[in-house]
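Student: I would like to know how the labels on a model like this are earned. Can we go through them term by term?
Tutor: Yes. Here is the model.

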Amino acid sequence: MGPILSLKNIVKIYPNGVVANKGINIDIEENTIHAIVGENGAGKSTLMKIIFGEETAEDGEIFYQGEQVHFRNSLEAIDRGIGMIHQHLMLAPELTVAENMILGTEPIKFGIFLHSKKILEMTEKACKEFGFEVPLNKRVKDLPVGTRQRIEILKVLIRNAKLIILDEPTAVLTPQETEVLFKSLRDLQKRGKTIIFISHKLKEVKQIADRVTIIRDGKDIVTENAKNLNEHQIAELMVGREINFQRIPLPVNIGAPFLKVQNLTYINEENITKINNISFEVRKGEIVGIAGVEGNGQTELVEILTGLRQATSGHAYVNNEDITHLTPRQIREKMVAHIPEDRMQNGVAEHASIQENIIVDRYYKHPFSKGIILDWKYIENYTADLIKDFNILAQSGKTPVSALSGGNIQKVVVARELSFKPELIIADQPTRGIDVGSEEMVHDLLKDARDKGIAVFLISADLDEVLKISSRILVMYDGEIVAEFKNTEDITQEKLGPYMLGVKNQNKASVEES
Amino acid sequence: MNPIIKSILAPKFIFATLRVMTPILYPAIGVAVSALAGSVNIALEGIMLVSAFTGVIISAYTGSLWFALIAGVLAGVGMGAVLGYFHLNLKADIIIAAIALNMFASGITIFLLYILTHDKGTSSSIKSLVFPSYQIPLLKDIPVLGPMLSGHNILTYLLFVAIIAFYYIIYKTPLGLRIRAVGQNPEAAASVGIDVKKIRMYSLLLSGFFGSFGGLYLSMGYVSWFSRDMTAGRGFIAIAAASLGGNLPLGTFLGAALFGLVNAFSNFIAPLKIPSEFMQSIPYLTTVIVLAIYSINKSNKEKAALKEGAK
């Protein structure tokens, strides 16, 4: 079977001079699942937009089903049987599932009215044909994100797509939802569809893809059968250098307790106990990692420790001072840094520039301001140094954060949080949604901070991350700390699993290995 | 029984409510249809003024009610088109453009009124036609219901046709589906090939269409002349009515009915020795109070939803 899609020497230069694609060649074989992997900003999304007609290439040729094509817009691509599922789902929340599916291709009766019977027939038929179960008459806003994504796929299928592009589809899904998605994708493959799958999660690529193309810095580095490459090889080809997946060595010098939490309880507005009488401490020079399925009180705990939420009872101490009822600024002034869970929501002001985001916590201090006037000259130099030190890919400190890729936005947050010389770092999902290269850099920075005697409190849904960098691991389940482990080689995901799921509990068992 | 209470309980109170809500519900539908497409039209005040003026002038000069109707509606739709052109083609902020349009409408109608009648206040020197009122056979003889529902102006009857038409357009036609989709997620609509600009333009034209009936009713039904700024804020109360009703057909109807009711109420208790300035402020005061309650309610709901999401 010949390739369904051939990209020959695709070059894309944006008007601002950024060369996103520097001559990419890929053949996509019919009826395969083809993963395209690369770091944030490597040019994957641009390439997909070119295939889908949303962007036009400066140079190169695209052959689709054996003939050369020049799509001027996505409608022409859709007409030829190419469908794309965007990272940000393209659904109207108040419309029903069926309405969303037929939007733009509505069947009509009497010239002007919607043919509601036909709409139901069309959508039901599509669901049955492809084995998708979605509640057709429910509104999209009432459905979980995994279901919404299935609606997107159905939308593409109802338009008879043969080649389906998914742009980082798993970024918004839980592991369970990801399983369901992968099952659907394999089903679609059996029905003769070709799937292009964009990702930077290597595990998933190994799990789902038949073939893999690795893109680095706008060029295709290699295209290979997925089974011929292992995760480490893919990661290193992506980044272009060796990557350390080993656990970092345990700290040698652990100091005095710096963060102390005593009998902390939080009951929310609906009278649900989210945090149930927990106590623990984080010492100088160690990284304490919280492992746990999301939604077991981690978010609330971090918000209480950073002053964003008020505890119901109990206390938290930083350096022996009670911080339970302090404001976020007062807590920061005790040298507590906070890398928030959701960088777009709490980490940055997206339309402000990098330098404005960097000084947002310190603008009122000397030397950033002199009296009531900001010293922009100083701020510019200061930011330029941080951009260099933290390897942020940006033209200058004046670049708005919204123009950066996810990994670089996270670096801006990390740069701000680490540059005010904290003594405690609260890192909540510090590497979520960023590529392996940036991830490794964040891990190294946290390790360096630890070795300088800084206390680090890590909260992560990524068990690999917790195991890689933590000195000590606490497992949180249903608002309680149910287990504590010193991180040694024999602590594995399998060992932590039962505690995270609430099957085991060290507090309740009389004898426990630890 | 207290005569005031008695008069409020009388059928003619409902009759008055329907009469008063007519020039509120038409523009409220206009606001709602534009809001559903995501470009809220706050120029209904101006649209109504221009339609009211055009209707009176054309009826006086041609002697034809039909010409007046057609001209009045075209004027309203034209205002919608101008707003759409500024907002969609020239990329002006729709709020600013609508404010400009409202001020323009007030000025141009007074200016033309002076040129045509040498009067800057009212058009009483020329003879405007009015839309007729009808008694409905059979219905008019039913006690209680008859005096409530019969004897209204034709445009008040058409109000029910308009709200049903609004419902059908929004829920039963591809245009309505696209209007809603564009309002909720323009990118999603564009991604399936819908021309977002075109759909918003249609919604603004519809907005002008519905609004123009409110204007025509004011000058050629409610009274029989045009007077300067005669809309007296009804175009703005309409925004409140529509947003109270979530911009949906039944809700918009109930929102306008509420304001009609309050208005009628303030007229009916006029015999009491309450300063008339206070009485006249009641409808506006209600607007403020209702909107405050509404937004407190809404923000509470949003907070609850946030909590829901945080779980």
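Student: Which helices of chain B do the buried residues of helix 7 of chain B pack against?
Tutor: They pack against helix 2, helix 8, helix 10 and helix 12 of chain B. Contact here means C-beta atoms, placed from the backbone, within 7 Å. Among the buried residues are B:Leu159, B:Ile163, B:Phe166 and B:Ile170.

Student: What should I know about the source and the numbering?
Tutor: This is a predicted model; local features need pLDDT of at least 70, side-chain atom pairs count only at pLDDT 80 or more, and totals for chains, interfaces and linings use all residues. Residues are numbered from 1 along each chain as its sequence is written, while chains are lettered from A and ligands numbered from 1 in the order in which they are written.

Student: How do you know that the length of helix 7 of chain B agrees with its residue count?
Tutor: Helices are DSSP runs of H or I, at least four residues, and strands are runs of E, at least two, both numbered from the N terminus. The expected span is 1.5 Å times one less than the number of residues. Helix 7 of chain B has 19 residues (154–172), so 27 Å is expected. Its end C-alpha atoms are 26 Å apart, which agrees.

Student: What span is expected for helix 2 of chain B, and how far apart are its ends?
Tutor: The 26 residues, 11–36, should span 38 Å. The end C-alpha atoms are 35 Å apart, and that agrees. Helix 2 of chain B does bend, by about 40° at B:Thr22. The bend is the angle between axes fitted to the seven residues ending there and the seven starting there. A proline, B:Pro23, follows within four residues.

Student: Why is helix 2 of chain B called largely enclosed?
Tutor: Count its buried residues. Buried means 20 or more other C-beta atoms within 10 Å of the residue's own, exposed means 12 or fewer, and partly exposed lies in between; C-beta atoms are placed from the backbone. In helix 2 of chain B, 21 of the 26 residues are buried, so the rest of the structure largely encloses it.

Student: What makes B:Asn247 buried or exposed?
Tutor: B:Asn247 has 23 other C-beta atoms within 10 Å, so it is buried. It sits in the loop between helix 11 (234–244) and helix 12 (249–268) of chain B. Its phi is positive, near 60°.

Student: And what about B:Leu138, buried or exposed?
Tutor: Its count is 9 other C-beta atoms within 10 Å, so B:Leu138 is exposed. Its phi is also positive, about 70°, although it is not a glycine. Most residues other than glycine have a negative phi.

Student: What makes helix 8 and helix 10 of chain B roughly perpendicular?
Tutor: Their axes cross at roughly 110° and come within 10 Å. Axes are lines fitted to C-alpha atoms, for helices over the stretch in contact, with angles from 0 to 180 degrees between N-to-C directions. Under 35 degrees counts as roughly parallel, over 145 as roughly antiparallel, 65 to 115 as roughly perpendicular, and the rest as oblique. The pair is therefore roughly perpendicular.

Student: Which helix of chain B gives the largest share of the side that touches chain A?
Tutor: The contact takes 17 residues from chain B and 20 residues from chain A. Helix 8 of chain B gives the largest share of the chain B side, 5 residues.

Key: Two residues are in contact if their C-beta atoms, placed from the backbone, lie within 7 Å.
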